[in-house]
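Biologist: I am new to this structure and would be grateful for a close look at a single part of it. Please describe the surroundings of one bound ligand and explain how the protein holds its atoms.

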Amino acid sequence: MKKIFSGIKPSGDLTLGNYIGAITNFIKLQHEYECYFCVVDLHAITVPQIKLELKKRIKDIAAFYIACGIDPNKSTIFIQSEVHAHTELSWILECNTYIGELNRMTQYKDKANKVGTDGLSSGFYTYPVLMASDILLYDSDLVPVGEDQKQHVELTRDIATRFNNKHGDTFTIPEHLIPKVGARIMDLQEPTKKMSKSENDKGCILLLDEANIIRKKIMSAKTDSEMKIKYDVLNKPGISNLLSIFSIITKKSINSLENEFKNCNYGEFKKALANELINIIHPIQQKYENIRTSRELDEILDEGAKKANYLANKKVRKVKKRLGLLR
Ligand code: AMP
Ligand code: TRP
């Protein structure tokens with residue numbers, strides 16, 4: 001059975017972007033693949049975090065995985081820092097990655113341009129290598145991610161290929177799996193920017209938002225003055241974004257939605273979308289509340305860490321042997 005690995009950082013509350021761009025795919029894939037879904041907490045600390053918030057969010061994300069529909073009997077759910085092999089392999093792979101490659105990572109370049117490099121941790125700079133380790137430890141074939149992570153998966157392929165060529169067949173070469181619709185959910189207020197936990201409050205729907213907040217955010221989403229419900233990312237980024245969201249959560253095609261709403265105004269369309277979203281998110285929130293405080297969550301995470309440790313340690317031993325690091 002082919003293997004899947006993916007992860008979400010506990011650096012903020014989960015957003016509709018995470019749900020649509022990542023989690024909905026995880027749920028589909030778990031029936032066909034052996035899946036590993038990780039809470040990548042060591043990625044969160046590449047930028048400063050508040051201790052108690054981080055501690056809470058790590059388990060929040062694990063609980064959301066399950067509440068959204070990831071079945072812990074089918075998939076392995078675990079916390080990255082509970083599997084030490086991730087950091088060990090990361091160091092080894094850093095010594096097999098060129099500075100030039102890291103300099104080309106757009107996420108790093110954007111951030112460095114914005115805030116400068118003096119205040120940026122070296123962990124932020126090398127984090128694509130930690131991500132490569134996450135993926136390569138489990139011989140992952142496919143990595144379901146949003147568009148923003150494509151470059152990091154490509155770097156992972158390069159690192160793995162180089163290692164295999166130099167030291168013999170060690171790693172499976174993974175491929176990214178990016179959804180056709182929804183790979184980049186945009187901010188509701190600034191629809192040319194990615195919806196993100198750290199950006200605009202009003203432009204970002206959180207999975208924990210109450211129904212009235214979700215409704216308010218959707219109703220005030222920025223659109224245009226044409227009053228035509230049509231998918232056209234270049235000229236109508238706001239409406240196109242809402243159509244993508246609508247399409248993913250209802251599994252209706254964009255075409256059929258354009259048809260369905262062709263005689264409606266933006267207000268009516270937004271109202272229908274808000275209702276659909278609330279119908280999806282409300283049951284997730286209820287399930288989340290139950291699982292978040294249950295003993296079962298800790299048991300699932302213990303079990304997940306055990307399985308992940310077994311596989312990851314085996315891989316690290318193989319890597320060390322290849323390099324002459326095992327006695
Ligand atoms: P992060 O929250 O940065 O750890 O991202 C976790 C996953 O969610 C990654 O696969 C991202 O590509 C995906 N993701 C985050 N924000 C969005 C967005 N606005 N649209 C689509 N996918 C997203
Ligand atoms: N870097 C990813 C993000 O910011 C999160 C991540 C870490 C990840 N390790 C991963 C995603 C491994 C897929 C596979 O969204």
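**The shell around ligand 2**

Modeller: The helix α7 provides the largest share of the shell around ligand 2, namely four residues. The model is a predicted one, and the description below should be read in that light. α7 spans residues 122-136, and the strand β1, residues 3-8, likewise supplies at least two residues of this shell. In total, 13 residues surround ligand 2, and those that come nearest are Lys9, Tyr127, Met131, Asp134 and Gln149. By character, the shell consists of seven nonpolar, four polar and two charged residues.

Three of the nearest residues also place polar side-chain atoms beside the ligand. For lysine 9, such an atom lies 2.7 Å from an oxygen atom of ligand 2. Aspartate 134 has a polar side-chain atom at 2.7 Å from a nitrogen atom of the ligand. In the case of glutamine 149, the partner is again a nitrogen atom of ligand 2, and the distance from the polar side-chain atom is 3.1 Å. On its own, ligand 2 has 360 Å² of accessible area, of which the protein covers 93%.

As to location, ligand 2 sits in the largest pocket. The space taken by ligand 1 is also the largest pocket. The strand β1 contributes at least two residues to the shell of ligand 1 as well, as does the helix α1, residues 16-29.

Definitions and conventions
Residues numbered from 1 in each chain as written. Chains lettered and ligands numbered in written order. Predicted model: local features only at pLDDT ≥ 70, side-chain atom pairs only at ≥ 80, totals over all residues. Heavy atoms only, no water. Near = heavy atom within 4 Å. Polar contact = N/O pair within 3.5 Å; in protein donor to acceptor, adjacent residues only side chain to side chain. Areas by Shrake-Rupley, 256 points an atom, 1.4 Å probe, with all protein chains shown as cover. 1 Å grid on protein atoms, 1.4 Å probe; cavity = no way out; pocket = protein on both sides within 12 Å on 5 of 7 lines; lining within 4 Å. Sits in = over half its atoms within 2 Å of the grid points. Nonpolar A, V, L, I, M, F, W, Y, C, P; charged D, E, K, R; others polar.
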